[in-house]
Amino acid sequence: MLALNYPHNKNGAWLEFGFEDEKEIEKIAKNIPEGEDWLKEINESNENNLKIAITPDYLHVRGSLIYHQNSQKEDEYKVFHFYTCKDFFITVGLKVGELKQKNQMLHRMQLSRNGVENFCILLSEITNRFLIRIDDFEVKLKNIVGKLQKNNNKNKLNQIFRYRQELITSKSLLIPMEELINAIEETFLNQVTKTSEFNRARLRIKRAMTLVKHYQEEMETLLHLEEAIFSYRGNEIMKALTVITTIFTPVMALGALWGMNFKHMPELEWKFGYLGSLILIFVSTIAIYFYLRFRGWTGGILKGRKKKSLF
């Protein structure tokens, strides 16, 4: 058990437990309002959940929060349980060592006024993890856009879908945090809404959500662009194959005709039959090509692709 009691404020205590500290958690749960219900929720649920208690005598927010999720594996995630009120807050299962600015966070907690404000500091630091990931994603997005201008293929499309999944995962983690900060405001009202740490946490979560939504829109646009390019190229390929097949139809038709082995074929006895067949094939092929071009059906599909062109 890690119990932090700050000399600047006796109220703002943080009790942090691991999942293995069952006996210690049970002791605490017996002495707090609705603590036994919270203990039951810890044992029965490993998903996001949130409950608030608003009574004339006591206010608290409790629940569970998934703070890390592998975007490629749904069953690989990290969750912690919390119970927060004005006098203290409790966390179970949170790996504090993973927070990069742990020491700064603890120092800020020493200067805060109550348990709710301390919990907001913790939420603010957890949100900072998302902001770091979003900054990394911005770099990935710029790289994939640059690569698309040079070359786009199936691998690029796979990358776009993978990055899109990362954004969806980040958004799904931030939504419960947004709900949690709103629940804290609903429960404690003026006790916390005017504090700097609450507003800092609220604004940080809002900033993270705004960035995720912005990059999600960019990713959707990029995905639509990629799909349009693939669709356009597929159509152009089909058009080119159709035109080429049409142009060489005389070759195939006449070749099939004179490739027959019937006994009575007068052309076999012609002195200039071979030369005449070549001329006929050549003239009919050229005639069909110019006819297609005259009608505008070839377009630019028989032309080479420019180096920097996406199409």
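**Exercise 1. Contacts of T195**

Determine which residues T195 is in contact with in this predicted model, leaving aside its neighbours within four places in sequence, and decide whether T195 is buried or exposed.

*Solution.* Begin with the contacts: once the neighbours within four places in sequence are set aside, T195 is in contact with R113 and E117. Next, place the residue in the chain, where T195 lies in the loop between helix 6 (190-193) and helix 7 (196-247). Then look at the side chain of T195, which reaches the backbone oxygen of V192 at 2.6 Å. Finally, take the relative accessible area of T195, which is 2%; because buried means under 20%, T195 counts as buried.

**Exercise 2. The surroundings of L122**

Establish where L122 is placed, and which residues L122 touches when those up to four places away in sequence are not counted.

*Solution.* The first step is the location, and L122 belongs to helix 4 (residues 115-150). The second step is the list of partners: not counting residues up to four places away in sequence, L122 touches F89, T91, L94, L99, M105 and M109. The third step concerns K102, which is 20 residues from L122 along the chain, with 9.3 Å between the C-alpha atoms of the two. The last step is accessibility, where L122 has a relative accessible area of 0% and is therefore classed as buried, the cut-off being under 20%.

**Exercise 3. M265 in its loop**

Find the loop that holds M265, and state whether M265 is buried or exposed.

*Solution.* In terms of secondary structure, M265 sits in the loop between helix 8 (249-258) and helix 9 (273-294). Its relative accessible area is 11%, and because this falls under 20%, M265 is buried. As for its partners, M265 is in contact with L257, W258 and M260, leaving aside its neighbours within four places in sequence.

**Exercise 4. Helix 1 against helix 2**

Describe how helix 1 and helix 2 cross, and name the residues that make the contact.

*Solution.* Start from the axes: those of helix 1 (residues 22-30) and helix 2 (residues 35-44) come within 7 Å and cross at roughly 145°. The handedness follows as a separate step, and helix 1 passes helix 2 in a right-handed crossing. On the side of helix 1 the contact is made by I25, E26, A29 and K30, while helix 2 contributes G35, E36 and L39. Sorted by class, this contact has three nonpolar, one polar and three charged residues.

**Exercise 5. Positive phi values**

Locate E34 and L189, and give the value that phi is near in each.

*Solution.* As background, most residues other than glycine have a negative phi. E34 is found in the loop between helix 1 and helix 2, and its phi is near 60°, a positive value in a residue other than glycine. The relative accessible area of E34 is 36%, so this residue is partly exposed, between the cut-offs of 20% and 50%. L189, in turn, is in the loop between helix 5 (154-188) and helix 6, and the phi of L189 is near 45°, likewise positive.

**Exercise 6. The chain as a whole**

State how many helices and strands the chain has, and what percentage of its residues is buried.

*Solution.* The secondary structure comprises nine helices and six strands. Of the 311 residues in the chain, 41% are buried. Turning to contacts with a separation of 6 or more, residues 24 or more positions apart account for 68% of them. The accessible surface of the chain is about 18900 Å², and 56% of this belongs to carbon and sulfur atoms.

Note on methods: Residues numbered from 1 in each chain as written. Predicted model: local features only at pLDDT ≥ 70, side-chain atom pairs only at ≥ 80, totals over all residues. Heavy atoms only, no water. Axes fitted to C-alpha atoms, helices over the stretch in contact; angles between N-to-C directions. Helix = DSSP H or I, 4+ residues; strand = E, 2+ residues; numbered from the N terminus. Left-handed = near helix turned anticlockwise from the far one by under 90°. Contact = heavy atoms within 4.5 Å. Nonpolar A, V, L, I, M, F, W, Y, C, P; charged D, E, K, R; others polar. Buried < 20%, exposed > 50% of the residue type's maximum accessible area, 1.4 Å probe, protein only. Areas by Shrake-Rupley, 256 points an atom, 1.4 Å probe, with all protein chains shown as cover. Polar contact = N/O pair within 3.5 Å; in protein donor to acceptor, adjacent residues only side chain to side chain.
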